[in-house]
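Grab a coffee and work through a few exercises on the protein shown here. Try each task yourself before you read the solution.

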Amino acid sequence: MMEIKRIFVVGAGLMGSGLAQTVAQSGLEVVLNDVTEEAAQKGFSRIQSSLEGRVAKGKMSEEEKDAALSHISCAGTLEKAATCQLVIEAAYENIGVKQAVYKSLDEICGPHTIYASNTSSISITSLASAVKHPENFIGMHFFSPVPVMKLLEITKGLRTSDETLQAVKAVGEKMNKVIIVSKDMPGFIVNRMLDPMINEAIEILDQGIGSVEDIDNGMKYGCNHPMGPLELVDMIGIDVHYSVMQVIHSELGESKYRPSPLLRKMVQAGLTGKKAKAGFYLYDDEGKKVSVNPIFAG
Ligand code: CAA
């Protein structure tokens with residue numbers, strides 16, 4: 001089995017940088033990539049402040065922080081992927097965007113490079129068709145915020161080899177994650193349950209059955225969820241959730257998976273959640289929740 005020592009992460013957004021941070025904290029080398037060097041550096045700065053926060057709280061020593069940061073380098077192009085045994089792609093949740101990334105990577109990397117997608121819904125088998133060796137292709141789905149959430153959901157495509165599965169399981173264990181393995185079906189295991197629940201919360205709001213806060217408090221205090229579904233979808237990204245629901249609905253066809261019309265309108269209105277400072281709630285510049293979005297008040 002190939003030992004993975006150096007990982008290339010495509011996408012330095014919230015997911016990609018959280019992922020790079022977790023890889024670095026586990027002692028593996030990581031190259032954090034985005035479409036420009038500046039975008040990758042922005043991801044690095046996010047990691048730096050996250051680790052500084054842990055030092056300030058006494059959860060990590062200054063030396064441990066410096067050691068983690070020393071494992072990370074940034075790249076504005078894909079070339080350095082050739083120096084890594086594993087590429088984890090956390091690019092925009094769109095099949096065209098992702099396949100284009102894999103086609104470019106496949107020109108750069110050798111025949112043994114393992115490709116993993118952090119997709120939350122797109123078929124691993126279809127993404128694998130973009131590369132010359134689909135047996136080296138697998139799904140590695142992490143949960144936000146990656147340094148905190150313990151789960152790694154691995155998905156085998158139709159042609160994924162057992163060696164690939166074992167190699168990424170070993171990486172997941174080094175990252176201290178609890179691993180579950182799913183068949184390649186829309187939404188895999190977790191989003192097949194989570195996203196219809198969030199979608200139903202939006203339907204409940206749209207039908208005037210409950211207010212934003214009552215819906216969230218219902219799940220927080222009635223079911224012990226750490227966040228209500230509307231606050232959670234603001235964090236995940238309302239546009240991301242919409243695209244996942246579209247994939248699940250179009251592939252499984254059942255009306256129970258139909259994206260809520262209010263969900264679609266929120267995306268059309270640019271109300272995509274915390275990153276836009278407005279979703280079901282409003283947020284300040286630091287990402288702190290300020291109030292319910294007045295659109296839904298009263
Ligand atoms: N990065 C790193 N660490 C973070 C963090 C971040 N973005 N956000 C919070 N933390 C850390 C804090 O530093 C703190 O660490 P310590 O306990 O070591 O001090 C810990 O997490 C708890 O944070 P807080 O006390 O600030 O806040 P909290 O107790 O309210 O927890 C939360 C925050 C962890 C986000 C919690 O509300 C939670 O678990 N929410 C649910 C998250 C969830 O369901 N994620 C899955 C989303 S679905 C997905 O990602 C998949 C998909 O396909 C879209």
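What follows is a set of tasks, each with a worked solution.

A word on the ground rules. This is a predicted model, where local features need pLDDT of at least 70 and side-chain atom pairs count only at pLDDT 80 or more, while totals for chains, interfaces and linings use all residues. Residues are numbered from 1 along each chain as its sequence is written, and side-chain values use heavy atoms, with hydrogens and water left out.

**Exercise 1. The overall build**

Task: Work out how many helices and strands the protein has, and what its radius of gyration says about the fold.

Solution:
- Start with secondary structure: you should find 11 helices and 10 strands. Helices (H or I, at least four residues) and strands (E, at least two) are DSSP runs, numbered from the N terminus.
- Next, take the radius of gyration over C-alpha atoms; the globule rule is 2.2 Å times the number of residues to the power 0.38. For 298 residues a compact globule would come out near 19 Å, and the protein has 19 Å, so the two agree.
- For the outline, the C-alpha trace spans about 55 × 50 × 35 Å along the principal axes.
- Now look at packing. Buried residues (under 20% relative accessible area; exposed is over 50%, partly exposed in between, 1.4 Å probe, protein chains only) make up 49% of the 298 residues.
- Finish with contacts, meaning heavy atoms within 4.5 Å. Of those with a separation of 6 or more, 64% are between residues 24 or more positions apart.

**Exercise 2. Salt bridges**

Task: Find how many salt bridges the structure holds, then say which parts of the chain the Glu3 and Glu231 pairs tie together.

Solution:
- Apply the cut-off: a side-chain nitrogen of Lys or Arg within 4 Å of a carboxyl oxygen of Asp or Glu. That gives 11 salt bridges.
- One of them joins Glu3 and Lys174, with the closest N and O atoms 3.6 Å apart. Glu3 sits in the segment before strand 1 (6-10) and Lys174 in helix 6 (residues 162-174), so this pair links parts 171 residues apart in sequence.
- Check the cover on each partner: Glu3 is partly exposed at 48% relative accessible area, and Lys174 is partly exposed at 41%.
- Move on to Glu231 and Lys289, whose side chains meet at 3.6 Å, N to O. Glu231 belongs to helix 9 (residues 229-236) and Lys289 to strand 10 (residues 289-292), so here the parts tied together are 58 residues apart.
- Glu231 counts as buried at 16% relative accessibility, whereas Lys289 is partly exposed at 37%.
- Don't miss the pair Glu254 and Lys256, at 3.8 Å, N to O. Glu254 is partly exposed at 40%, and Lys256 is exposed at 53%.
- There's also a network: Glu62, Lys65 and Asp66 are linked by salt bridges.

**Exercise 3. Backbone oddities**

Task: Say which peptide bond is cis in the stretch from Ser144 to Pro145 and where Pro145 lies, then find where Asn176 and Asn224 lie.

Solution:
- The bond from Ser144 to Pro145 is cis, with omega near -10°. Pro145 is in the loop between strand 6 (137-142) and strand 7 (151-156).
- Asn176 isn't a glycine, yet its phi is positive, near 70°. Asn176 lies in the loop between helix 6 and strand 8 (178-183), and at 54% relative accessibility it counts as exposed.
- Asn224, also not a glycine, has a positive phi of about 60°. Look for Asn224 in the loop between helix 8 (212-223) and helix 9; at 70% it is exposed.

**Exercise 4. Two helix residues**

Task: Is Asn191 buried or exposed, and what does Asn191 touch? Then do the contacts of Ala39.

Solution:
- Place Asn191 in helix 7 (residues 190-206). Its relative accessible area is 6%, which makes Asn191 buried.
- Skipping residues up to four places away in sequence, Asn191 touches Ser120, His141, Pro196, Val244 and Ile248.
- Ala39 lies in helix 2 (residues 37-56) and is partly exposed at 23%.
- With neighbours within four places left aside, Ala39 is in contact with Ala12 and Asp34.
- Lastly, the C-alpha atoms of Ala39 and Cys74 are separated by 9.3 Å, though the two are 35 residues apart along the chain.
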